[in-house]
Amino acid sequence: MNSPRLKSIVKLFESCRYSHDLYTVFGDWCECSAISMSNAVDLVNFEKREARYLEIARKYGRETMGTFSHIMGEVVIALEERPQDILGAAFHALELHNKARGQFFTPYSICQLMARTVAGSAEDMRKAIAERGFLIAQEPAVGSGTMVIALSDAILEAGFNYQQFLHVTAVDIDPRASHMAYIQFSLLHIPATVIVGDSLAMRFREDWHTLAHVMGSWSAKLGTAGKSAGEGAIALSPAMPPRAAAVATNSSAPEQEPLAPPIEKNGQLRLF
């Protein structure tokens, strides 16, 4: 645990363990953070998620909720410094994977190698973009989102702005993992629909659309392409069930025009 940001995040979480169960605190922080981001763009689910946010907040005092805000600040800075799976790393550093019955997240360095292999060459990406106009990635067991983050980084290294040319449909059976992925995708401005559900049993409970999904009008793009999200997609794991992939196309999130964030010269959006 050499990262100063990771150490700070772990220290902030551990400051809550004296009055609350740390595993529960971590899950509640993830859900509250995900709701805060979702409610800025998804009016359809706003009331239900806002009620859930308040329900969680009532469990904690003002000091703990203040700590939640500080943790988010550290996560933002960590992802601003470089693409990484900072939440997956924090989950392991806090040794919560033991309490989660052996739930391990793949190290980011391994995911980088896998992502470069799956994504192919810059020429492969150029051909795929020329044919459809964008790339599609599917992840039926997304975890904290590390494979998708690594893929986005690989696409950027190849000279393409993933914020404009990539859409992700990701599923996980664990709501905590789905929230972790959604937070990191949102902060990295990855166009994505994250679904809480069981890819094997074909049961899906709820979907979370990132700001980049809404700002980029991806529901319309996917529909206009006349293809299901399962055709010609980059598969990060075993094949995505078509029903799950279709959620991104049939999005219930309203298309809005939020205030435009700052943009670098290379076309990448910054967090602030």
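Student: Which residues of H11 are buried?

Tutor: In this model, which is predicted, the buried residues of H11 are Arg176, Ala177, Ser178, His179, Met180, Ala181, Tyr182, Ile183, Gln184, Phe185, Ser186 and Leu187. The helix is therefore mostly covered, with 12 of its 13 residues buried, where buried means under 20% relative accessible area.

Student: What span should helix H11 have, and how far apart are its end C-alpha atoms?

Tutor: The idea is to allow 1.5 Å a residue, so that the 13 residues of helix H11, which are residues 175–187, should span 18 Å, and the end C-alpha atoms are indeed 18 Å apart, which agrees. You can apply this reasoning to helix H2, residues 22–38, because its 17 residues should span 24 Å at 1.5 Å a residue, and its end C-alpha atoms are 24 Å apart, again in agreement. Helix H2 is also mostly covered, since 15 of its 17 residues are buried.

Student: What is found at the start of H11, and what follows the helix?

Tutor: At the start of H11, a side-chain oxygen of Asp174 comes to within 3.1 Å of the backbone nitrogen of Arg176. After H11 comes His189, whose phi is positive, near 55°.

Student: Why does Ser186 count as buried?

Tutor: Ser186, which lies in helix H11, counts as buried because its relative accessibility is 13%, and the cut-off for buried is under 20%.

Student: Which residues is Ser186 in contact with, leaving aside its neighbours within four places in sequence?

Tutor: With those neighbours set aside, Ser186 is in contact with Met37 and Thr210. Distance along the chain and distance in space should be read separately: Ser186 and Ser38 are 148 residues apart in sequence, while their C-alpha atoms are 9.0 Å apart in space. For a neighbour within the helix, a general idea helps, namely that an α-helix has 3.6 residues a turn, so residues three or four places apart point the same way. Here, the backbone oxygen of Tyr182 lies 2.8 Å from a polar atom of the side chain of Ser186.

Student: What sign does phi have in most residues other than glycine?

Tutor: Most residues other than glycine have a negative phi. Met202 is not a glycine, yet it has a positive phi of about 60°; it lies in the loop between strand S3 (192–198) and strand S4 (203–209), and it counts as partly exposed because its relative accessibility is 28%. Ser217 also is not a glycine and has a positive phi, of about 50°; its place is the loop between helix H12 (211–215) and helix H13 (218–224), and at 27% relative accessibility it counts as partly exposed.

Student: Which residues line the largest cavity?

Tutor: The lining of the largest cavity is made by Pro83, Ile149, Ser152, Asp153, Tyr162 and Leu188. Helix H9, residues 146–157, gives the most to this lining, with three residues, and the volume of the cavity is about 30 Å³.

Student: How many helices and strands does the protein have, and what percentage of its residues count as buried?

Tutor: The secondary structure comes to 14 helices and five strands, and 53% of the 272 residues count as buried. Among contacts between residues at least 6 apart in sequence, 75% join residues at least 24 apart. Finally, the accessible surface of the protein comes to about 12500 Å², and 54% of it belongs to carbon and sulfur atoms.

Notes: Residues numbered from 1 in each chain as written. Predicted model: local features only at pLDDT ≥ 70, side-chain atom pairs only at ≥ 80, totals over all residues. Heavy atoms only, no water. Helix = DSSP H or I, 4+ residues; strand = E, 2+ residues; numbered from the N terminus. Expected span 1.5 Å × (residues − 1). Buried < 20%, exposed > 50% of the residue type's maximum accessible area, 1.4 Å probe, protein only. Polar contact = N/O pair within 3.5 Å; in protein donor to acceptor, adjacent residues only side chain to side chain. Contact = heavy atoms within 4.5 Å. Areas by Shrake-Rupley, 256 points an atom, 1.4 Å probe, with all protein chains shown as cover. 1 Å grid on protein atoms, 1.4 Å probe; cavity = no way out; pocket = protein on both sides within 12 Å on 5 of 7 lines; lining within 4 Å. Points joined across faces, edges and corners; volume = space filled by probe spheres on them.
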